[in-house]
Amino acid sequence: MGGISIWQLLIIALIIVLLFGTKKLRTLGGDLGSAVKGFKKAIGDEDSAPVAKKETTDADFEQKKITDEQQAADQTKTSQKDKEQV
């Protein structure tokens with residue numbers, strides 16, 4: 001009595017296809033699928049995020065110690081003094 005039959009669903013689907021067109025519906029379906037895939041990936045990343053943060057470093061820079069920078073500065077000073085003496 002109150003349910004929707006298969007024929008009514010087919011008529012509604014036909015009207016939707018006529019209104020929007022198959023190309024627009026195809027892109028809408030693709031966008032919806034990629035949104036669901038991105039959502040699943042984000043949910044999976046939250047579970048593994050604490051493990052990944054421990055292994056990753058900040059950006060792609062090499063970490064240098066202050067003593068390394070001081071040694072490099074001392075070497076440049078000595079090389080400049082050597083050039084001045086010549």
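Helix H1 consists of 15 residues and spans 21 Å between its first and last C-alpha atoms. This reach is close to the 21 Å expected at 1.5 Å a residue. In the predicted model, H1 covers residues 6-20, and Gly 21 comes after the helix with a positive phi, near 90°. Confidence within the protein is highest in H1, where the mean pLDDT is 92.

A nonpolar patch lies on the surface and includes many residues of this N-terminal stretch. Its members are Ile 4, Ile 6, Trp 7, Leu 9, Leu 10, Ile 11, Ile 12, Ile 15, Ile 16, Leu 19 and Phe 20. Together these residues have about 1200 Å² of accessible area. One of them, Ile 12, is located in H1. Ile 12 has a relative accessible area of 43% and is therefore classed as partly exposed, the class that falls between buried, under 20%, and exposed, over 50%.

The protein as a whole contains three helices and zero strands. Read from the N terminus, the order of elements is α-α-α. Of the 86 residues in the protein, 0% are buried. The accessible surface of the protein amounts to about 8700 Å², and carbon and sulfur atoms account for 61% of that area.

Confidence was also assessed over the full protein. The mean pLDDT is 79, with 70% of the residues at 70 or more. Helix H3, formed by residues 66-85, has the lowest confidence in the protein, at a mean of 75. Where pLDDT is low, predicted coordinates should not be read in detail.

Notes:
Residues are numbered from 1 along each chain as its sequence is written. This is a predicted model: local features need pLDDT of at least 70, side-chain atom pairs count only at pLDDT 80 or more; totals for chains, interfaces and linings use all residues. Side-chain values use heavy atoms; hydrogens and water are left out. Patches are made of residues with over 30% relative accessible area and no salt bridge: like charges are joined within 9 Å, nonpolar side chains (Val, Leu, Ile, Met, Phe, Trp, Tyr) within 5 Å. Accessible areas come from the Shrake-Rupley method with a 1.4 Å probe; for residues, only the protein chains shown count as cover. A salt bridge is a side-chain nitrogen of Lys or Arg within 4 Å of a carboxyl oxygen of Asp or Glu. Helices (H or I, at least four residues) and strands (E, at least two) are DSSP runs, numbered from the N terminus. Buried means under 20% relative accessible area, exposed over 50%, partly exposed in between (1.4 Å probe, protein chains only). pLDDT is the predictor's confidence in each residue, from 0 to 100. The expected span of a helix is 1.5 Å times one less than its number of residues.
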